[in-house]
Structure formats: structure tokens, C-alpha cells
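User: I would like to learn how to read a structural model one feature at a time, starting with charged side chains. Could you take me through the general idea and then the case at hand?

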Amino acid sequence: MGKSITEKIFEKHLVEGKLNAGEEIGLRIDHTLTQDSTGTMAYLEFEAIGIAQVKTQLSVSFVDHNMLQNDFRNADDHRYLQSVAAKYGIVFSRPGNGICHQLYLERFAQPGVTLLGSDSHTPTAGGMGMIAIGAGGLDVAAAMAGEPFYLEMPNVYGINLKGKLLPFVSAKDVILEVLRKLTVKGGVNNVLEYFGPGVKTLSVPERGTITNMGTETGATTSIFPSDEVTRQFLISQGRENQWIELTSDENTQYSKVLDIDLAEVEPLLAMPHSPDNVKPVSELEGTPVDQVCIGSCTNSSLRDLKIVSTLLKGKKVHENLSLTISAGSRQVMENLAATGELEPLIQSGARILENSCGPCIGIGQAPTTSAVSLRTFNRNFKGRSGTQDAKVYLVSPETAVAAAITGKITDPRKLGVFPEITMPEKFILSDTMFIPATTNPNAKVIMGPNITPLPQFQPTPPQLSGEVLLKVGDNITTDDILPGGTDIMSLRSNIPEISKYIFCRVDQNFYQRAIQKQGGFIVGAENYGQGSSREHAALAPKYIGVKAVITKSFARIHMANLINFGILPLTFTNKQDYDNIDQGDTLEVETNNLAETLTLKNKTKNTEIKVNLNLSKQEKEQIKAGGKLAAIKNKQK
């Protein structure tokens with residue numbers, strides 16, 4: 001039987017285990033990636049491990065999230081990140097250089113390589129034919145220290161692309177079609193591997209759009225072949241020597257196959273408040289729009305902004321809305337400027353923002369009250385934009401421009417003749433905003449007053465008991481657990497302070513109740529912890545005493561983060577038992593023997609239920625030690 005691309009790369013990087021679906025494996029990680037909202041904690045964790053320098057082939061620290069410097073806190077974090085990079089051998093991407101995933105794809109991504117990133121959209125690099133996985137910061141810190149990355153061997157889900165996209169239909173519509181079919185849970189424990197004759201019709205940036213938003217299906221990662229299209233992109237970036245051909249074998253057997261005829265895909269949008277709430281644009285035509293935002297790591301490439309520029313040329317932004325545009329990198333901006341394609345964006349009345357994540361994570365450009373906002377982003381969770389009652393729709397750049405011109409949701413196919421764009425054979429390249437990796441053991445690490453020491457946690461006691469502090473429903477996101485936005489994200493390096501915001505938009509009394517009750521339990525339903533990889537959504541609850549989370553199912557990265565910080569991730573053996581626990585109930589569970597099935601006692605109702613603890617030997621050791629960092633230190637003794 002033939003091998004998939006996924007299997008070929010996993011096989012080359014396998015350190016522990018066997019490549020059987022469902023079994024735990026350990027992978028050697030070649031590259032790591034951090035961004036500033038998760039990176040400060042990741043490097044505090046790396047320093048706590050006690051390694052003199054990073055052991056990866058390449059590690060890059062990007063600054064792209066906390067860009068607003070309202071006070072000293074974000075600026076101090078950025079200075080800390082730069083000083084850590086100088087000491088430990090890490091490339092540093094300065095503030096304003098661009099968004100980590102766009103920059104990594106342009107300047108560092110290589111076919112056949114493994115990448116672990118402290119951002120859930122790290123799979124963007126799968127568009128280059130590599131295994132790129134999002135994880136919590138502690139997992140990335142461990143990888144930089146030379147530790148394998150452990151995960152459950154996923155199934156390989158084949159997505160067979162046929163045909164070619166029609167005018168005004170783009171890669172964003174393809175991934176929205178995938179989400180419509182798979183939902184936000186359909187990719188869990190799978191790698192989405194694209195193959196088929198339609199693949200060659202998509203450029204590397206288009207492939208990156210698809211792999212970026214594959215994260216929203218819950219997939220471990222997504223990957224495209226490395227082919228002639230890949231080679232041409234690397235030539236354009238001056239990196240042809242890094243190209244290798246990498247495709248699946250003809251007789252590869254995928255666990256499942258989804259067939260998509262690109263010629264049948266139409267302009268789509270994701271309605272509020274979930275990326276899988278997908279409908280054709282034609283069904284929503286005429287809906288008035290208040291705001292349009294173009295950019296994010298999903299749709300900020302040169303290809304996307306060339307299309308936007310050409311469609312906006314000679315036109316004006318509708319008087320009833322605001323249009324913002326944020327390029328993914330300075331390279332994109334330089335190339336637009338050189339060809340005169342920046343000018344139409346400015347003349348249209350668009351607001352040109354800094355090359356950063358910005359509005360995608362609720363930092364700037366919050367919509368007006370009850371606004372309809374069309375965004376080329378990857379998530380539209382309620383309140384993520386910064387306005388709780390805003391209605392955020394996810395769309396392609398083409399659909400975004402159509403709305404910006406007309407002031408309402410409009411099928412972009414009504415804009416006329418689709419513009420022809422020319423991509424450069426050689427991009428204008430400038431790496432001046434990267435500080436190359438050096439190793440200077442004597443370099444001083446600079447820590448501002450907002451950076452607090454990493455919390456130390458004790459080993460798990462033989463029995464856990466306490467109240468149910470909160471009971472929530474399906475699809476709770478890490479934004480629900482610990483929101484983004486300027487007021488909270490500037491506290492990412494200060495666990496005592498950021499902990500005060502846990503579940504603040506779900507239950508304003510949660511923090512005070514948790515402190516008063518000296519911790520306890522959280523009960524959730526399906527897909528608990530979907531969304532961002534932010535480990536703070538596990539670390540902060542641990543800090544205030546959350547002992548276990550009991551759900552019907554977990555999102556992959558969040559479950560790993562809970563284990564990393566010694567919180568028991570329990571699932572109901574019988575999902576109906578979710579209805580038999582209420583907020584305020586007192587629970588108790590024995591942890592002397594971390595068996596696959598444990599008995600959870602409800603002292604309030606005088607009942608018992610069975611819960612599952614699906615942990616590997618490695619994960620059990622981490623839970624017993626009080627978290628992954630403690631387990632790593634125990635190995636070093």
C-alpha cells in the first residue's frame with residue numbers, strides 16, 4: 001500500500017512509537033515558531049527548563065499580536081522577547097515586520113520539514129508541503145529544548161480536488177466548503193491531506209489559505225504536496241535550493257476521502273457565530289454592511305491584495321461603511337508599492353493598517369453596536385471582534401471588496417470581468433526586520449515589571465474534591481475561557497493578573513467564586529476548548545485552583561494544554577451523565593490510580609458516574625508531576 005505525504009514526513013521524524021492511528025507517537029521537531037501573545041510565556045518556560053541554547057534547526061520569535069503600545073506592558077514584552085532571542089539562538093522578527101504565518105511561509109517554510117508553533121494557525125505552512133502543527137507554548141518550549149512532540153497518531157483524511165476555480169471564487173471559498181461539509185469537529189484526530197488534479201491550479205498562498213483555516217475543523221494539521229508550483233514559489237523567494245518534490249503515492253489509502261470539484265464551488269460566507277455556519281453569498285445578498293476588514297494570516301498575501309487592488313481601482317468605499325486593509329508582511333507592502341498597486345487601495349478610501357493581526361484578535365477596529373462586519377479572517381466567535389453584539393461574517397477577499405463598494409453583501413460575480421493579475425517571478429526581498437540568530441550566553445535577559453515569575457505547581461494529590469464552579473455548553477472556545485483584546489492580552493506575561501479575566505464574558509462572578517471556593521471543577525459539553533492555542537486558557541485556571549475539566553469531548557490543543565499544567569481532562573463515559581451534574585455540586589475523584597476509567601462521586605446528589613481519562617503513559621507522568629515542566633525537570637535529575 002502506498003504512503004501519504006503525511007506518513008512519509010512522520011516516518012522520517014519518528015522518535016517514539018509506531019505510526020498506527022490512535023497510538024501515541026513522538027516526533028522530532030525541526031522548526032519552531034512563536035508569536036508575542038503566547039511567546040513571552042513560552043520563553044519563560046524555556047528558560048525554566050535550563051537549556052543553554054535552542055536545539056532545533058530553526059526557531060523564530062515573531063511580534064505581531066500585541067502591537068498597540070498603550071503603556072509599557074507590550075513594549076516591555078517585546079524587549080524581553082528580543083533579549084531572549086539574542087541569548088538562546090533564535091531569529092527575531094521585529095514589530096511591524098508582519099504576521100508570523102505569512103512571514104514564515106515567505107521566508108522559512110520548507111517542504112518535508114516539521115514545524116511546531118505556539119499559534120493554532122501554524123498549519124498555514126502545510127501549503128508548502130510540510131507538517132506544521134499548532135500547540136501550547138510549553139510544548140513549543142520543550143521542542144526548542146530538544147524534547148520530542150508527543151501526539152496521537154492521526155488518521156489521514158484525503159481531500160481530492162478536481163477541476164479549476166471559476167472567476168470570483170477563491171481559496172477561501174474552498175475551505176469554507178470543507179467546513180460546511182466537515183463542521184468545526186469533523187477534522188479532529190485527522191490530518192487533512194489534499195491531492196488530485198485540482199491541486200496544481202492553486203498557488204502556494206492559496207494553499208496556505210486553505211491549510212490555515214483547516215484549523216477550524218479541529219484537524220491536527222493540513223498539508224498539500226510539494227510540486228512544481230511549490231518550486232516556483234521558492235524561486236520567487238530566492239530559496240529554490242530548499243525545494244524537494246513530495247507527493248503521495250498513487251495507491252495511497254486514506255481513512256476517508258472527500259471529493260471537491262473546484263469548478264462547482266461558489267462564493268461562500270460563514271455566518272455568525274461559527275466558521276462552519278456556511279451559506280452561499282447569493283442567499284444573503286442585500287444585507288447592509290457596516291464594516292469590511294481585509295487581512296489576517298488567512299488572506300493577506302500578495303496574491304490576495306493584488307486582487308483587492310485591481311477590483312478597487314477607480315472605485316470608492318461606500319459611504320456607509322469602513323474598509324480596513326492589513327497586509328501580512330512588509331514584503332507584500334513593498335511589492336504592492338513597487339508596482340503601483342498600493343495607490344488604488346489608498347485612493348479608494350480604505351484605511352491601511354499596520355502589518356499585524358490587529359482586528360482578527362480584537363485589537364483595534366471593533367465594529368459599531370450591532371454592526372454587520374465582513375472579514376477575510378478565520379474566526380467569527382461571538383465577541384471576538386471586541387463588540388459583543390456584532391455580527392461577523394467570514395468571506396473571501398473578492399466578496400469583501402464587493403461589499404466595500406456596494407455597501408451590502410453582494411455576490412462578487414456581479415462586479416464584472418475578473419481581473420488578471422501578474423505575480424512576480426522574483427519578489428522584492430527585504431529581511432531587514434529580521435534579527436538573525438546568535439548565541440550569546442552572556443546576553444542579559446531584560447524583564448519588565450509586568451513579567452511575573454512562572455507559577456510553580458505541586459504534584460497531583462491522591463484525591464481531588466471541590467465544587468462545580470461553572471457548567472457550560474457545546475463549542476466553548478478559548479476566547480470564552482480567556483478573551484483576547486487589548487485590555488487582557490497585554491497581561492499574557494502576568495498570570496496572577498490575567499487570571500482575573502477567566503470566563504469574564506461568560507460569568508462575571510467566576511473568578512471571585514473560584515477564589516472563594518479554593519478552586520474546583522468545570523463541566524462542559526462537546527468540543528470544549530476549540531479555537532486559539534492560547535495555553536493561558538489552561539494555565540490561568542490552574543493558577544486559581546481548577547482541578548479537572550469534565551466534558552463530552554475536548555478540542556485537541558486545549559486538552560494537551562490542560563495536561564501540560566496538571567489539570568485532569570475527564571470525559572463522560574455516558575454523555576447523558578452531563579445532565580446529572582449541576583453548577584454548585586460537590587464532586588470527588590480518586591487519582592491514586594490514573595486508570596482509563598475513574599469513578600466520579602457527586603456528594604451533593606449522592607450519586608456516582610463513570611468518566612474516562614484517556615492518557616498515555618507520558619501524559620500520566622505529567623499529570624502526576626503537576627504538569628509537563630515538572631515532568632521534564634524530573635527527567636533531568
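User: Is D249 buried, partly exposed or exposed, and what is its relative accessible area?

Analyst: This is a predicted model, and in it D249 has a relative accessible area of 30%. Because buried means under 20% and exposed means over 50%, D249 counts as partly exposed.

User: Which side chain does D249 meet in a salt bridge, and which parts of the chain does the pair tie together?

Analyst: The general idea is that side chains of opposite charge can pair when their charged atoms come close. Here the side chain of D249 meets that of K8 in a salt bridge, with 2.9 Å from N to O. D249 lies in the loop between α8 (228-236) and β12 (256-261), whereas K8 belongs to helix α1 (residues 5-13), so the pair ties together parts that are 241 residues apart in sequence. K8, at 25% relative accessibility, is also partly exposed. The structure holds 28 salt bridges, and this is one of them.

User: Where do R231 and E228 lie, and how many residues apart are they?

Analyst: Both lie in helix α8, three residues apart, which is about one turn of the helix. Their salt bridge has its closest N and O atoms 2.8 Å apart. R231 is partly exposed with a relative accessible area of 22%, and E228 is partly exposed at 40%.

User: What does E467 form with K517, and where do the two residues lie?

Analyst: E467 and K517 form a salt bridge whose closest N and O atoms are 3.2 Å apart. The pair links distant parts of the chain, with E467 in strand β21 (residues 463-471) and K517 in the loop between α16 (510-516) and β22 (520-523), 50 residues apart. E467 has a relative accessible area of 22% and is partly exposed, and K517 is partly exposed at 35%. Salt bridges may also share partners, as they do in the network that joins E206, R303, D304 and E398.

User: Let us turn to an exposed residue. Where does K18 lie, and which residues is K18 in contact with, leaving aside neighbours within four places in sequence?

Analyst: K18 lies in the loop between β1 (14-16) and β2 (24-27), and at 59% relative accessibility K18 counts as exposed. Leaving aside neighbours within four places in sequence, K18 is in contact with E23 and I25. The C-alpha atoms of K18 and L464, which are 446 residues apart along the chain, are separated by 34 Å.

User: How should I read a helix such as α6, and why does its end-to-end distance agree with its number of residues?

Analyst: One can compare the expected span with the distance in the model. At 1.5 Å a residue, the 12 residues of α6 (residues 171-182) should span 16 Å, and the end C-alpha atoms are 17 Å apart, which agrees. Helix α6 is mostly covered, with 10 of its 12 residues buried; among them are the charged residues K172, D173 and E177, alongside V174, I175 and L176. Just after α6 comes T183, whose phi is positive, near 70°.

User: What is the strand order of the open sheet of six strands, and which strands are at its edges?

Analyst: The order is β7-β6-β3-β4-β5-β20, and the pairing is mixed. The edge strands, each pairing on one side only, are β7 (131-134) and β20 (434-435). Strand β6 (residues 114-117) runs parallel to β7 and is joined to it by four bridges, with L116 having I133 of β7 as its bridge partner. Helix α3 (residues 72-88) lies across β4 (58-62), β5 (91-93) and β20, and it runs at about 155° to β5.

User: Which strands pair with β15, and are the faces of β15 covered or uncovered?

Analyst: Strand β15 (residues 291-294) pairs in the parallel sense with β16 (residues 322-325) over four bridges, and three bridges join β15 to β18 (residues 372-375), again in parallel. Particular bridge partners include I294 with I325 of β16 and Q291 with S373 of β18. Both faces of β15 are covered, since Q291 and C293 on one side and V292 and I294 on the other are all buried. Together with helix α9 (residues 302-312), β15 and β16 make a right-handed β-α-β unit.

Conventions:
Residues are numbered from 1 along each chain as its sequence is written. This is a predicted model: local features need pLDDT of at least 70, side-chain atom pairs count only at pLDDT 80 or more; totals for chains, interfaces and linings use all residues. Side-chain values use heavy atoms; hydrogens and water are left out. The expected span of a helix is 1.5 Å times one less than its number of residues. Buried means under 20% relative accessible area, exposed over 50%, partly exposed in between (1.4 Å probe, protein chains only). Two strands pair if DSSP finds at least two bridges between them. Contact means heavy atoms within 4.5 Å. Axes are lines fitted to C-alpha atoms, for helices over the stretch in contact, and angles run from 0 to 180 degrees between N-to-C directions. A crossover is right-handed if, with the strands pointing away from the viewer, the path from the first strand over the helix to the second runs clockwise. A salt bridge is a side-chain nitrogen of Lys or Arg within 4 Å of a carboxyl oxygen of Asp or Glu.
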